[in-house]
Amino acid sequence: MRILLVEDDSVLREVMKRSLEMAGHRVDAASNVQDARHLWEVQPFDAVLLDLNLPAQASITQRHAVEAANGLVLLREARARGDSTPVLVLTARNRTEERIDGLDAGADDYLGKPFDLAEVEARLRALVRRSRGTEDLVVLGQLELDRRARRFSIAGKLMDLPAREFEVLWELMTPPGHVVNKRSLSDKLSGFDDSLGDNALEAFISRLRKKLVGSGAAIRTLRGIGYLLEAESTGT
């Protein structure tokens with residue numbers, strides 16, 4: 001998954017970023033509303049981890065600082081422009097009315113600090129699973145994805161995939177049978193200083209096609225649109 005992490009505490013932000021990256025996710029981190037707004041508007045994400053108590057940049061006037069620093073403002077803006085990315089709110093606040101405010105603003109789940117990092121990842125998986133209508137265990141032909149274990153296998157044999165090939169196949173299996181837009185896929189696999197070109201993406205797709213031979217699953221290219229993973233036709 002590609003995750004946007006919005007957290008002003010530098011120590012907690014780095015710990016969470018490192019933990020999520022070690023679990024195989026791509027993480028873009030922001031410490032304030034302005035940076036988070038920019039990232040969220042220009043980059044597609046699978047999920048957002050959002051702190052509510054955020055600092056305003058020094059250039060913002062005192063009169064608008066409190067409103068601008070409120071993570072709920074960022075959330076409301078995203079929902080107002082039709083962005084349905086799953087959002088898990090992380091906050092030290094524990095008053096019932098504040099939890100209600102967060103959910104009313106469009107949050108999908110709420111987790112109070114302190115929290116366990118393993119629970120954060122588990123909740124993220126659940127949010128994305130619900131938003132995409134997928135399960136933790138996905139099977140197509142003899143190809144199997146175990147989301148909890150973060151592994152692919154064919155006929156019970158584990159697949160050893162490089163990181164980006166793994167991410168491409170993960171997207172195609174979320175869920176299988178849906179069209180993955182080429183531009184969206186490229187953006188998710190790219191960083192702001194590490195753009196993934198069309199030729200590189202085609203190379204990943206080509207290598208995956210070879211590795212899926214005999215699995216009962218195949219990647220189909222829809223010209224000008226993107227890719228989809230579907231059950232391989234056996235013919236008659």
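**View 1. Pairing of strands β1 and β2 in the predicted model.** Strand β1, residues 2–6, runs parallel to β2 and is joined to it by 5 bridges. One residue pair can be picked out here: Leu4 has Asp28 of β2 as its bridge partner. Strands of a sheet pair through backbone hydrogen bonds, and the pairing can be parallel or antiparallel.

**View 2. The open sheet of 5 strands.** The strands follow the order β2-β1-β3-β4-β5, and their pairing is parallel. The edges are taken by β2 (26–30) and β5 (109–112); each has a single partner strand, so one side of each is left without a neighbour in the sheet. Between neighbouring strands the turn is 20 degrees on average, with direction ignored.

**View 3. Helix α4 against the sheet.** Helix α4 packs on the sheet and touches two strands, β3 and β4 (87–91). The direction of α4 makes about 150 degrees with that of β3. Helix α4 covers residues 71–80, and its buried residues are Gly71, Leu72, Val73, Leu74, Leu75 and Ala78. An α-helix has 3.6 residues a turn, so residues three or four places apart point the same way. After α4 comes Gly82, which has a positive phi, near 85 degrees.

**View 4. Surroundings of Asp51 in strand β3.** Asp51 belongs to β3, which spans residues 47–51. In UniProt, an unreviewed entry places the feature "modified residue: 4-aspartylphosphate" at Asp51. Is Asp51 buried or exposed in the model? Asp51 has a relative accessible area of 2%, and because buried means under 20%, Asp51 counts as buried. Leaving aside residues up to four places away in sequence, Asp51 touches Val6, Glu7, Asp8, Gly71, Leu90, Thr91 and Lys113. Among these contacts, Gly71 is one of the buried residues of α4.

**View 5. The largest cavity and its lining.** The structure holds 2 cavities of 30 Å³ or more, and the largest cavity contains about 80 Å³ of space. Rolling a probe the size of a water molecule over the atoms shows where empty space is left. Which residues line the largest cavity? The lining consists of Met1, Arg2, Asp46, Arg150, Phe166, Glu167, Trp170, Glu171, Lys188 and Leu189. Two helices, α7 (163–172) and α8 (182–189), each supply at least two residues of this lining. Helix α7 gives the most, with 4 residues.

Definitions and conventions
Residues numbered from 1 in each chain as written. Predicted model: local features only at pLDDT ≥ 70, side-chain atom pairs only at ≥ 80, totals over all residues. Heavy atoms only, no water. Buried < 20%, exposed > 50% of the residue type's maximum accessible area, 1.4 Å probe, protein only. UniProt positions renumbered as here; feature names shortened; annotations may be inferred. Contact = heavy atoms within 4.5 Å. Pairing = 2+ DSSP bridges. Axes fitted to C-alpha atoms, helices over the stretch in contact; angles between N-to-C directions. 1 Å grid on protein atoms, 1.4 Å probe; cavity = no way out; pocket = protein on both sides within 12 Å on 5 of 7 lines; lining within 4 Å. Points joined across faces, edges and corners; volume = space filled by probe spheres on them.
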